[in-house]
Amino acid sequence: MSAFYDLYETPDPNDTGEKQPLHARIVPSGTYSKKDFIERVSRHQPFPHNIIEGVLGAVVDELAEALADGYIVELGELGHFSISLKCTHKVMTKKEIRAESIRFDNVHLRTSKEFKKKIKREIELERVENSNEKTHNAKISIEDRLQMLQEFLKKNGGITRIEYSRLTGLPRLKAIDDLNTFIKEGTLRKRGAGRTVFYVWKQKE
């Protein structure tokens, strides 16, 4: 998947005054909500929205119940879920421990190697050109984005998904949605395959 990143200063933990190396960090594209997730799945799988939502809810309920019963839960390529506990006050010996002083703390996910490999194959990293500007601008109307696209195609003849993302400031999924919409409306034509895909203006017959 495509992701924008920027470079940040690394804190000096020992206050040595020495310059620390920069580190890369993802610039979030936004929040991918449950509604967005269901919508995307329904576009690629032959299941209606209510079925996907029902299955997703059942998985969450069963996962919570299994974790509450003390199980480590494996969900295929996603990985293993587990829980951790905490003591409500400092305990030095086992004799000091009381059941009421032990509480649930957090849920942990240890992702599988297969899941990490899948992300590594799909991700496309792009550096944010200006950290002081909002990179993902979804406030531009689709009509304005279409006009921007038309002007770009007049000058360049074709456009890739990455170029469209940079042109409009949209993250990968929203950019793909736009391009697919323009194809359905008969505005664009898709050419190439895989990483060589690009889009051209569809000539009226």
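In this predicted model, R161, Y164 and S165 of helix α5 come into contact with R172, A175, I176, D178, L179 and F182 of helix α6. Sorted by class, the residues in this contact of α5 with α6 comprise 5 nonpolar, 1 polar and 3 charged. Two packed helices are described by the angle between their axes and by the distance between those axes. For helix α5, which spans residues 161-168, and helix α6, which spans residues 172-184, the angle is about 105° and the axes lie 9 Å apart. Because angles of 65 to 115 degrees count as roughly perpendicular, α5 and α6 are described as roughly perpendicular to each other.

Two of the residues named above also meet through their rings. The structure holds 1 aromatic pair, and the pair is formed by Y164 and F182, whose ring centres are 6.4 Å apart and whose planes stand at 85°, so the arrangement is edge-to-face, given that planes over 60 degrees apart are classed in this way. The pair links distant parts of the chain, since Y164 belongs to helix α5 and F182 to helix α6, with their positions 18 residues apart in the numbering. Are these two residues, Y164 and F182, buried or exposed? Both Y164 and F182 are buried.

Another part of the chain to look at is helix α1, which covers residues 34-44 and contains S42. The relative accessibility of S42 is 15%, and S42 therefore counts as buried, the limit for that class being under 20%. Which atoms and residues does the side chain of S42 reach? The side chain of S42 comes to 2.7 Å from the backbone oxygen of E39, and it also makes a polar contact, at 3.5 Å, with the side chain of H49. When residues up to four places away in sequence are left out of the count, S42 touches F47, H49 and I52, so that H49 appears both among these touching residues and as the partner in the side-chain polar contact.

Finally, helix α4, made up of residues 142-156, includes Q150. With a relative accessible area of 32%, Q150 is partly exposed, because this class lies between the limits of 20% for buried and 50% for exposed. Q150 and T187 are 37 residues apart along the chain, and their C-alpha atoms are separated by 9.5 Å.

Definitions and conventions: Residues are numbered from 1 along each chain as its sequence is written. This is a predicted model: local features need pLDDT of at least 70, side-chain atom pairs count only at pLDDT 80 or more; totals for chains, interfaces and linings use all residues. Side-chain values use heavy atoms; hydrogens and water are left out. Helices (H or I, at least four residues) and strands (E, at least two) are DSSP runs, numbered from the N terminus. Buried means under 20% relative accessible area, exposed over 50%, partly exposed in between (1.4 Å probe, protein chains only). A polar contact is a pair of N or O atoms within 3.5 Å; within protein, one must be able to donate a hydrogen and the other to accept it, and residues adjacent in sequence count only if both atoms are side-chain atoms. Contact means heavy atoms within 4.5 Å. Axes are lines fitted to C-alpha atoms, for helices over the stretch in contact, and angles run from 0 to 180 degrees between N-to-C directions. Angles under 35 degrees count as roughly parallel, over 145 as roughly antiparallel, 65 to 115 as roughly perpendicular and the rest as oblique. Ala, Val, Leu, Ile, Met, Phe, Trp, Tyr, Cys and Pro count as nonpolar, Asp, Glu, Lys and Arg as charged, and the others, Gly among them, as polar. Rings of Phe, Tyr and Trp (its six-membered ring) pair if their centres lie within 6.5 Å; planes under 30 degrees apart count as stacked, over 60 as edge-to-face and the rest as tilted.
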